[in-house]
Amino acid sequence: MNFLGLWARGMTSRPGRRAMDSIAITAPTDAGRSGAGSVQYQLRQYAESTLGKSSLHEAVLLPEGESLDEWVACHIVDFYNHINMLFMSISHHCTDETCPKMCAGESYSYLWRDGVNYREPTNLPANVYVKLLMKWVDSQLDDTRLFPVDLGHPFPSNFRAEVASQILRRMLRVYAHLYWHHYPQICQVGLATMLNTSFTHFTLFVTKYKMVSDAELQVVKDVIKILA
């Protein structure tokens with residue numbers, strides 16, 4: 001049973017990032033971008049204080065005088081960490097046998113292509129797809145040409161329209177898979193509130209800054225409506 005079925009029955013500064021492996025989630029590895037006193041750290045503190053005090057609608061608003069590119073980068077790392085934790089919590093339920101393809105219900109299937117090891121769109125088990133996706137995101141975050149570390153180094157001109165947008169569109173697929181195929185397991189490990197809060201934050205952010213199209217959000221439109 002997916003999220004919608006359970007709901008119908010009444011259930012309810014840039015941070016460091018955590019690397020995914022098959023056993024556990026490791027400690028944050030992005031200290032260079034998030035040390036105390038850095039712009040990334042200050043943005044992170046601002047975002048956390050806003051989340052704790054008021055609505056998620058306010059939490060996505062760009063702090064006055066700050067870079068929108070840096071704000072987007074900060075949120076990408078946050079969503080990366082959330083997805084890592086959420087997926088790892090149910091990864092033993094997402095196997096080649098239980099989820100032989102990356103999908104969200106019967107109407108949406110996703111093929112993997114990275115232009116290097118997978119030059120053509122390839123059907124993969126969901127767990128393999130997610131692990132490749134998160135490794136790909138990690139490599140993007142490590143590329144200082146895309147995510148500059150030092151002050152004064154600008155983000156590329158296509159950062160929001162292409163780099164960040166592609167990362168966020170792919171992250172959406174993991175949220176969708178979790179809701180459609182693993183929501184009962186998420187509830188069992190006590191992370192339903194985290195998933196719902198993280199996903200609501202994600203959808204508010206990507207719609208506010210037009211990072212993901214309405215067409216791509218259709219896969220989770222009912223979830224968005226319920227959580228609104």
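Visitor: Is Phe-79 buried or exposed?

Guide: First off, this is a predicted model: local features need pLDDT of at least 70, side-chain atom pairs count only at pLDDT 80 or more, and totals for chains, interfaces and linings use all residues. Residues are numbered from 1 along each chain as its sequence is written, and side-chain values use heavy atoms, with hydrogens and water left out. The scale runs from buried (under 20% relative accessible area, 1.4 Å probe, protein chains only) through partly exposed to exposed (over 50%). Phe-79 comes in at 0%, so it counts as buried.

Visitor: How many residues apart are Phe-79 and Phe-202?

Guide: Rings of Phe, Tyr and Trp (its six-membered ring) pair if their centres lie within 6.5 Å, being stacked with planes under 30 degrees apart, edge-to-face over 60 and tilted otherwise. The whole structure has 11 such aromatic pairs. Phe-79 and Phe-202 make an edge-to-face one, with 5.2 Å between centres and 75° between planes. Phe-79 is in helix H5 (residues 68-90) and Phe-202 in helix H9 (helices being DSSP runs of H or I with at least four residues, strands runs of E with at least two, numbered from the N terminus), and the pair links parts of the chain that are distant, 123 residues apart.

Visitor: What is the angle between the planes of Tyr-179 and Tyr-183?

Guide: These two rings form a stacked pair, 5.7 Å centre to centre, and the planes differ by 20°. Both residues are buried. They also belong to one aromatic cluster that includes Phe-79 and Phe-202. Back to the angle you asked for: 20°.

Visitor: Which element gives the largest share of the largest nonpolar core?

Guide: A nonpolar core here is a set of buried Ala, Val, Leu, Ile, Met, Phe, Trp, Tyr and Cys residues joined through side-chain atoms within 4.5 Å. The largest has 61 residues, and Ile-76, Phe-147, Leu-168 and Met-171 touch the most other members. H5, helix H6 (126-142), H7, helix H8 (183-188) and H9 each give two or more residues. The largest share, 12 residues, comes from H7.

Visitor: Which side chain does Ser-165 make a polar contact with?

Guide: Ser-165 is in helix H7 (residues 159-181) and is buried, at 7% relative accessible area. Beyond its neighbours within four places in sequence, Ser-165 is in contact (heavy atoms within 4.5 Å) with Phe-159, Arg-160 and Met-211. A polar contact is a pair of N or O atoms within 3.5 Å; within protein, one must be able to donate a hydrogen and the other to accept it, and residues adjacent in sequence count only if both atoms are side-chain atoms. At 2.8 Å, the side-chain partner of Ser-165 is Arg-169.

Visitor: What is the phi of Lys-210?

Guide: Lys-210 lies in the loop between helix H9 (192-208) and helix H10 (214-217). Lys-210 is exposed, because its relative accessible area is 72%. Lys-210 is not a glycine, yet its phi is positive, at about 55°.

Visitor: How far apart in space are Glu-58 and Leu-204?

Guide: Glu-58 is in helix H4 (residues 56-59) and is partly exposed, at 42% relative accessible area. In sequence, Glu-58 and Leu-204 are 146 residues apart. C-alpha to C-alpha, the distance in space is 9.7 Å.
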